[in-house]
Amino acid sequence: MILSSTDVRNKLPEALNRVIYSGERVEITRHGKVIGIIISKEEAELLDALEDERDAKEARKVEARARAKGETPVLYSKASQGVSKKDR
């Protein structure tokens, strides 16, 4: 489903039902360009997990490079700095 930003006001309930019950993505456009996408909670959780996996893989690479140079790697995750996922 594709909605213009002005149509969202009138069709948001229908759009949310499509996302929730059929797993559809809803694209929101302004002047013909996609400015946002509504996705299901499950899809958002999957994207978060993939992002976490990618970040962990990158951290392991950085750590390995530092160790190869004889350095002691110091890695700080956002979680260790007190930044929760919702604040990222």
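Here are three short exercises, with worked solutions, on the predicted model shown above.

**Exercise 1. Work out what the chain is built from and in which pattern its elements follow along the sequence.**

Solution.
- Start by counting the elements: there are two helices and three strands.
- Next, walk along the sequence, and you meet them in the pattern β-α-β-β-α.

**Exercise 2. Describe the sheet: find its strand order, its edge strands and the helix α1 that packs on it.**

Solution.
- Begin with the order: the three strands form an open sheet, β1-β2-β3, and the pairing is mixed.
- Now look for strands that pair on one side only; these are β1 (2–4) and β3 (33–38), the edge strands.
- From one strand to the next, the twist averages 30°.
- Then zoom in on β2 (residues 26–30), which runs antiparallel to β3 and is joined to it by five bridges.
- For a concrete partner, take isoleucine 28, whose bridge partner in β3 is glycine 36.
- Finally, add helix α1: it packs on the sheet and touches β1, β2 and β3. The direction of α1 makes about 155° with that of β1.

**Exercise 3. Decide whether tyrosine 21 is buried or exposed, and find the surface patch it belongs to.**

Solution.
- Locate the residue: tyrosine 21 sits in helix α1 (residues 5–22).
- Recall the cut-off: exposed means over 50% relative accessible area.
- Apply it: tyrosine 21 has 68% relative accessibility, so it counts as exposed.
- Now look around: Tyr21 forms a nonpolar surface patch with Leu12, Leu16 and Ile20, and together they have about 420 Å² of accessible area.
- Step back to the whole chain: buried residues make up 14% of its 88 residues.

Conventions. Residues numbered from 1 in each chain as written. Predicted model: local features only at pLDDT ≥ 70, side-chain atom pairs only at ≥ 80, totals over all residues. Heavy atoms only, no water. Patch = residues over 30% accessible without salt bridge, like charges linked within 9 Å, V, L, I, M, F, W, Y side chains within 5 Å. Areas by Shrake-Rupley, 256 points an atom, 1.4 Å probe, with all protein chains shown as cover. Salt bridge = Lys/Arg side-chain N within 4 Å of Asp/Glu carboxyl O. Helix = DSSP H or I, 4+ residues; strand = E, 2+ residues; numbered from the N terminus. Buried < 20%, exposed > 50% of the residue type's maximum accessible area, 1.4 Å probe, protein only. Pairing = 2+ DSSP bridges. Axes fitted to C-alpha atoms, helices over the stretch in contact; angles between N-to-C directions. Contact = heavy atoms within 4.5 Å.
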